[in-house]
Amino acid sequence: MFRRIGEVVVRRRGVVALVWLAVVVVGGVVGGSLMSRLETQFVGADRYESTQVLTRLDELAVTGGEIAVVTDGVAVDDPALTADATAVLDDIRAIDGVVAVVDPWSVPEPGLRSTDGEAGLIVVTIAGGLEDSDEIELAEEITHLAGEIDAPEVNVGGQIIIDEEFREAAERDLQRGEMIALPIAFVAMVFIFGGLRAAFMPLVVAATGVLTAMIVLFVATGVTSVSIFAVNVVTMLGIGLGIDYGLLVVSRFREERAAGRTVDDAVVETVATAGTTVMFSGLTVAVAMAGLFAFGDPMFTSFGIAGAGVVIACMAAAITLLPAALARFGARIRPAKASSADDGGFARLARFVQRRAVPVVVIVGLGLALLAVPFLGAEFRGGDARSLPRSSEAREVALTLAERFPSHGADPVVVVADAPADDPALVAFVDEIAASDLVAAVGLRPGFEGDVTVIDAVPLGESQGEIAQDLVDELRAAAPGFDVQVGGMAAQLMDAGDMISSRLPWALTMIVAATFVLLFLMTGSLAVPAKAVVMNVLSLGASFGALVWIFQDGNLSGILGFDPIGALDLWMPTLIFIFAFGLSMDYEVFLLSRIKEIHDRTGDNDESVAIGLQRTGRIITSAALLIVVVFAGFGAGEVLSIKQLGVGLAIAVIVDATIVRSLLVPATMRLLGEWNWWAPAPLRRFHDRFGLHEAPSSPAAVPGSEDEPERVLA
């Protein structure tokens, strides 16, 4: 099948290029308007109680968000400030769309003055039911007028502004990641391939895959909510995998040219062999990404769409567009150089490890397990203003409120009560909440009439801290005599955590089972897939331990440019596990395909591992280094959650490509010996009939050379 694809691509290279050009143009056009269609905040699945609260508030749409204005640097009671601020606030009240303005000069509430009396808090409530663009425009107008208050410092924040700053920061991180990763990757590929044209080819695959996935995201926004960070995921994975697949295909093409084939024949042979490997590798990664759909949560679903979409797009571009480009320009690409492949550095390392297999497995296995220990003490929080860059004004406002305005320092636990505000039972319930040791302040949200009352209970401590979560539990367990629903940021964190805990085993089971089946179809073995899963879990555990050490404990915060918040982003470990698991299996396919090919030919388990590692070591190492550069580029971003994702994936790939592939694989395969290739007789017969089998290597290749064309799975 792949040989026929190669023949069609060579024969119709112009048509293939034009089709992809049209796709890229469409991707560029829709990508320009995509950011405005994406979500910065997720309300979760409808089954969550916290989601139901948000839905009801949105349906009632009495009031919208709040804008917080903090004046600082001069006493709140200063006469000049009082007169100036009062005049400005009159102008703000006159803005169409402003529902209410509460300030420390017209309201005697002590909570609007900082504990030191040097800062004042103004809360501007806007109308509900506005479009996002109208809310942002209104917030900008309020911000502009607030800046006219004559105080040493005037900072403006609130959830509307926080959402917009997340959107802007995500775009900046996207641009920064591309600016760092692409030039470095291009220079590295020039050295790998020894020429500009060959180095440019993998970037074509990456760019095409990313722009094609933008179309997928654009379509998805018409069906479901898609996170704004899905674009970062598309770009991060698209550049990394596009370069990986492009590197494999171009390397194989250069080998075929070195074997004496014409350009067209070399392209056909490349698609028939390396194209099969790319297809199989892409499927293993896509299967891992599909595990995100098992959670049934809009956040995970959007990342699953992004991940699976960009993997399939890069895979398709690598086996169609790239061969078409090679057919057109391949004559100008330098063929590979032949060199000894059986006794190089990777083979010597493998033989060294094989002679010491037991101590290597024990020491490396225990080492990875110990590195994972910090993850046992991991704390989790949802993304909030603290995840914004240090330069963010909205982040500064949130920190100021937390430090100096106790009754406004945390996001409230929101209670929607099906009772009128003057109901004696509700009044008693509100008094009971106010008397709780967990509550800093309580109030009724204005504008609600009839049989619905909204209660805002501000917890002591952090918005998502233990006290806030205890308050959620306490309110959900209450029986005031009427129906209540409890939401807010702490409730959303708890609901999302419960969802992850309940759905994660199903997602992991699906991923592991699908990966196991794919690796069995490739190898015909039950031991190899099981061993691969165990080693991936060990390496990922070590990566999670490093995440806790860096981001939760704050080590390397100065180098990486962030302020630790004492917790990991709730979503990151699951996302990193699934993304990194797929990428690790990608490299597993590269390595196992060569080991199995040599073992089938020689029957020598140890030697097939050593030679297989030697013949794939360079390409796996190159691919891993390039993808680490990509992830590190996004790790240099401003948004803390994206920084965690980039750094976490970079660590996972480094551990996998070095410790696992170079040490654990040769050691464990030496210990298992021929049991590596064991399967029960019925499964062996099934594999013989339906499994993926080797394509014959090129007869023109130089036997034993490092550049001998691979016999990959067809």
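## Helix crossings

A crossing of two helices is called left-handed if the near helix is turned anticlockwise from the far one by less than a right angle, and right-handed if it is turned clockwise. In this predicted model, the crossing of α2 and α7 is left-handed. Helix α2 covers residues 13–34 and helix α7 covers residues 196–221, and their axes come within 8 Å of each other while crossing at roughly 55 degrees. That angle makes α2 oblique to α7.

## Helix α20 and its partners

Helix α20, which spans residues 572–602, packs against helix α21, residues 605–635, at an angle of about 160 degrees, and the two axes lie 8 Å apart. Because angles over 145 degrees count as roughly antiparallel, α20 and α21 are described as roughly antiparallel to each other. The contact of α20 with α21 contains 14 nonpolar residues, together with five polar and three charged ones. As for handedness, α20 passes α21 in a right-handed crossing.

Helix α20 also meets helix α9, which is formed by residues 263–290; here the axes come within 8 Å and cross at roughly 160 degrees. That makes α9 roughly antiparallel to α20, and α9 passes α20 in a right-handed crossing.

## A salt bridge between distant parts of the chain

By the distance rule applied to this model, the count of salt bridges comes to 25. One of them joins Asp418 to Arg56, and the closest N and O atoms of this pair are 2.9 Å apart. The pair links distant parts of the chain, since Asp418 and Arg56 are 362 residues apart. Asp418 sits in the loop between β6, residues 413–417, and α15, residues 424–434, whereas Arg56 belongs to helix α3, which runs over residues 49–60.

## A nonpolar patch on the surface

On the surface, Val358, Val362, Ile363, Leu366 and Leu671 make a nonpolar patch of about 480 Å². Helix α13, residues 357–372, supplies the largest share of this patch, with four residues. Leu366 is found in helix α13.

Notes. Residues are numbered from 1 along each chain as its sequence is written. This is a predicted model: local features need pLDDT of at least 70, side-chain atom pairs count only at pLDDT 80 or more; totals for chains, interfaces and linings use all residues. Side-chain values use heavy atoms; hydrogens and water are left out. Axes are lines fitted to C-alpha atoms, for helices over the stretch in contact, and angles run from 0 to 180 degrees between N-to-C directions. Helices (H or I, at least four residues) and strands (E, at least two) are DSSP runs, numbered from the N terminus. Angles under 35 degrees count as roughly parallel, over 145 as roughly antiparallel, 65 to 115 as roughly perpendicular and the rest as oblique. Ala, Val, Leu, Ile, Met, Phe, Trp, Tyr, Cys and Pro count as nonpolar, Asp, Glu, Lys and Arg as charged, and the others, Gly among them, as polar. Patches are made of residues with over 30% relative accessible area and no salt bridge: like charges are joined within 9 Å, nonpolar side chains (Val, Leu, Ile, Met, Phe, Trp, Tyr) within 5 Å. Accessible areas come from the Shrake-Rupley method with a 1.4 Å probe; for residues, only the protein chains shown count as cover. A salt bridge is a side-chain nitrogen of Lys or Arg within 4 Å of a carboxyl oxygen of Asp or Glu.
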